[in-house]
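Ready to practise reading a fold? Take a look at the chain below, then work through the exercises.

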Amino acid sequence: MEAKLLSTGESHKYLPESYVRPESDRPRLSEVSQLDNVPVVDLSSENRAQTVTQIRDACSTFGFFQVVNHGVEKGVYEEMLAVAAEFFDLPAEEKMKLYSDDPARTMRLSTSFNVRKEEVHNWRDYLRLHCHPLELYAPEWPANPASFRSVVSNYCKKIRQLGFLIEELISESLGLNKNYIKNALGEQEQHMAINYYPTCPEPELTYGLPGHTDPNALTILLQDQLVAGLQVLKDGKWVAVNPIPDAFVINIGDQLQALSNGRYKSVWHRAIVNVEKPRMSVASFLCPSNCAMISAPKLLTTVDGPKPMYRDYTYAEYYKTFWSRNLDQKHCLELFKN
């Protein structure tokens, strides 16, 4: 099924048929409530034990949390959002030079999720970038806007360091050495999706992204500070996670669910759209190296404790399986269970 960029400036009075979800698979926005007890972790706290406990509770109960006082300067992420908006404001013919529907490309502008596989499209355009090592990938990034490469490179460096700190805290929260997860994941790859969700004429009929989990280890999401759109599945119901000023959303991905032997849950989340304002978000993904063997540590699978929930596999095997499917199919990790 063909798809084209939504960020062309073309207006729609009605939702095009290829974006309309079946009646049984619509967001039912009127039934969504706001999640009031979102876990928020202050990373500037000097009480590390308390921080570790907060993260353990959040990962096991919610599968995500938000972090404040995280060490990433306000100017860094404000510039990131600004240059992302500049990019999507470029003329359509300029952006189309970067268009590709090949998931194997390390830099591509595309739309929906996987237009080669899906039957119904999602109301989203996105710029997908590989970000590590920067000296390898940054030269292929867009040269327009002129500041794009420098701003995004700086942002990527800061986010990578934040991700490593969070991995340390998650390791400790599992009773493991603080470097266990970082070492288990190998020389971690880093990807980014700069998401643009245009205003939508009939948001009740479609998604920006349908419910899914992330295939990587850890996702660090910079939300639009003004326009909400993130929802997570909690106790079988979809709830809205509204932006907290100057916070990042941290999502547990599939690989951390596997490494924790199922103690921590890869969070089901989705993006909804609205009729009034476009929305931006920047998702940064820390991924195991392709050759990393994903295996639950012995400490979590002792003789007296639970058996390994998932078989051992390489991340390359998992990632290939993930991209061979539709986003809204059942959890990919289910295919790797023992």
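Three short exercises with solutions follow.

This is a predicted model, where local features need pLDDT of at least 70, side-chain atom pairs count only at pLDDT 80 or more, and totals for chains, interfaces and linings use all residues. Residues are numbered from 1 along each chain as its sequence is written, and side-chain values use heavy atoms, with hydrogens and water left out.

**Exercise 1.** Work out which strands stand at the edges of the sheet.

Solution. Start with the order, E1-E10-E9-E12-E7, in an open sheet of mixed pairing. Strands are DSSP runs (E, at least two residues), numbered from the N terminus, as are helices (H or I, at least four); two strands pair if DSSP finds at least two bridges between them. E1 (33-34) and E7 (209-212) each have a single partner strand, so one side of each lacks a neighbour in the sheet. Further in, E9 (residues 230-234) and E10 (residues 237-240) run antiparallel, joined by 4 bridges. One such pairing puts Leu233 opposite Trp238 in E10.

**Exercise 2.** Check the span of helix H5 (residues 148-173).

Solution. Take 1.5 Å times one less than the number of residues. For 26 residues that should give 38 Å, and the end C-alpha atoms are 37 Å apart, which agrees. Just past H5, Gly175 has a positive phi of about 80°.

**Exercise 3.** Find residues that Phe248 touches beyond its neighbours within four places in sequence.

Solution. Count heavy atoms within 4.5 Å as contact. Phe248's partners include Phe65, His70, Tyr155, Ile159 and Leu222.
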